[in-house]
Amino acid sequence: MPELPDLFYVSRYLQRLILNRRIVSTTIHQPVVIRNIIGDPVEDVLRDLFFTRIDYHGPFLRFTLSSMVEIVVNLMLAGRVQHQQKGDHPLGFKLLAMKLDDGTWLNICDQQKMAKIYLVHPGDYAAIPGFADQGMNIRSKEFSEDYFKQLAVKHSRKQVRVFINDHSALSSIGNAYADEILFEAKIHPKTIVASLTADDLAALYRAIGSVIQHGIDHVAEAAQPIHEKVRDHMKVRNRQGQPCPRCGTKVRREGVHGYDVFFCPTCQPVKRKVFIDWSKQH
Ligand SMILES: [Zn+2]
């Protein structure tokens with residue numbers, strides 16, 4: 001699943017290369033993944049429009065076009081966006097392909113066909129599950145340590161891994177970066193939020209900022225094509241059995257609510273079951 005640093009890179013890249021470009025024509029390869037709220041045939045709508053803005057919102061990529069049209073894409077687990085330049089081979093499993101006026105193509109592809117492509121008018125997001133109820137943008141100025149601590153109180157009964165992974169609370173941290181953030185903060189993924197100390201929460205807040213920023217910087221430096229997922233900077237994610245880069249203990253994998261989580265059992269020990277009353281911690 002593309003995560004915030006991936007979507008940051010993809011949107012910056014596309015802002016540089018396709019902003020103000022015109023869509024010459026659009027080919028639909030998998031109609032089943034398209035939710036067309038506008039109503040007119042997609043091939044007719046997505047023709048002779050210009051890209052006026054490209055950004056991301058939580059896990060969604062958003063392409064704003066001229067004539068009050070937006071394409072919102074949720075790439076889900078395996079979806080990819082390819083900017084196919086002259087001489088490039090198209091990726092397989094295309095869902096939708098847009099030919100642009102500079103001779104390049106913007107392809108949305110997904111082997112699993114789980115990605116969703118929404119065609120909407122700007123602001124009309126009611127038909128897009130999860131779009132309107134994204135939580136606090138973790139890159140925004142409003143995401144302060146105080147805000148985070150208040151949010152933790154609201155989610156105090158959850159396991160910490162579930163809490164930071166909840167897009168309606170924090171927008172947005174996916175599975176890979178959630179593991180990396182907890183490793184950085186030295187917190188066991190199954191710790192109940194209510195048993196985190198004020199220092200733990202402060203460390204967790206700092207780790208969210210630093211790990212996401214490191215991801216953004218690393219993905220930018222790697223400068224791979226936008227359809228490649230850069231994960232070689234991960235310290236514990238998908239590294240089961242490999243030595244922890246901090247202490248050498250083998251990284252372990254466990255399930256949390258059906259998701260695989262990776263952590264170091266030495267650096268991220270299980271906490272004693274002591275519940276902290278934060279109202280008395282200042
Ligand atoms: Zn370790």
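The following exchange asks how the terms applied to this predicted model are justified.

Biologist: What kind of model is this, and how are its residues numbered?

Modeller: The model is predicted, so local features need pLDDT of at least 70 and side-chain atom pairs count only at pLDDT 80 or more, whereas totals for chains, interfaces and linings use all residues. Residues are numbered from 1 along each chain as its sequence is written, and side-chain values use heavy atoms, with hydrogens and water left out.

Biologist: What makes the radius of gyration of the protein chain agree with that of a compact globule?

Modeller: The radius is taken over C-alpha atoms, and the globule rule is 2.2 Å times the number of residues to the power 0.38. For 282 residues the expected value is near 19 Å, and the protein chain has 21 Å, so the two are taken to agree. Along its principal axes the C-alpha trace spans about 60 × 40 × 30 Å, and 66% of the contacts with a separation of 6 or more are between residues 24 or more positions apart, a contact being heavy atoms within 4.5 Å.

Biologist: How many helices and strands does the protein chain have?

Modeller: The protein chain has six helices and 13 strands, where helices (H or I, at least four residues) and strands (E, at least two) are DSSP runs numbered from the N terminus.

Biologist: How do you know that the span of α6 agrees with its 25 residues?

Modeller: The expected span of a helix is 1.5 Å times one less than its number of residues. For the 25 residues of α6 that gives 36 Å, and the end C-alpha atoms are 36 Å apart, so the value agrees.

Biologist: Why is Val219 called buried?

Modeller: Buried means under 20% relative accessible area, exposed means over 50%, and partly exposed lies in between (1.4 Å probe, protein chains only). Val219, which lies in helix α6 (residues 198-222), has a relative accessibility of 2% and therefore counts as buried. Leaving aside residues up to four places away in sequence, Val219 touches Pro5, Asp6, Tyr9, Tyr177 and Val230, and its C-alpha atom is 9.1 Å from that of Phe8, although 211 residues separate the two along the chain. Of the 282 residues of the protein chain, 49% count as buried.

Biologist: What makes Arg21 and Asp102 a salt bridge?

Modeller: A salt bridge requires a side-chain nitrogen of Lys or Arg within 4 Å of a carboxyl oxygen of Asp or Glu. The N to O distance between the side chains of Arg21 and Asp102 is 3.1 Å, and the pair accordingly qualifies. This pair links distant parts of the chain, with Arg21 in the loop between α1 (4-18) and β1 (23-28) and Asp102 in the loop between β7 (94-100) and β8 (105-109), 81 residues apart. Arg21 is partly exposed at 29% relative accessibility, and Asp102 is partly exposed at 23%.

Biologist: How do you know that Glu254 forms a salt bridge with Lys190, and what does the pair tie together?

Modeller: The closest N and O atoms of Glu254 and Lys190 are 3.0 Å apart, which satisfies the criterion. Glu254 lies in strand β12 and Lys190 in the loop between α5 and α6, so the bridge ties together parts that are 64 residues apart in sequence. Elsewhere, salt bridges that share partners join Arg21, Asp101 and Asp102 into one network, and the whole structure holds 14 salt bridges.

Biologist: Why is Asp166 called buried, whereas Lys158 counts as partly exposed?

Modeller: Asp166 has a relative accessible area of 18% and is therefore buried, whereas Lys158, at 26%, counts as partly exposed. The two residues form a salt bridge, with their closest N and O atoms 2.9 Å apart.

Biologist: Which backbone features stand in the loops around Ser172, Asp48 and Ala223?

Modeller: The peptide bond from Ser171 to Ser172 is cis, with omega near -15°, and Ser172 is placed in the loop between β11 (170-171) and α5 (175-185). Asp48, in the loop between α2 (42-45) and β3 (51-57), has a positive phi near 60° although not a glycine. Ala223, which follows α6, also has a positive phi, of about 50°, without being a glycine, and is found in the loop between α6 and β12 (252-256).
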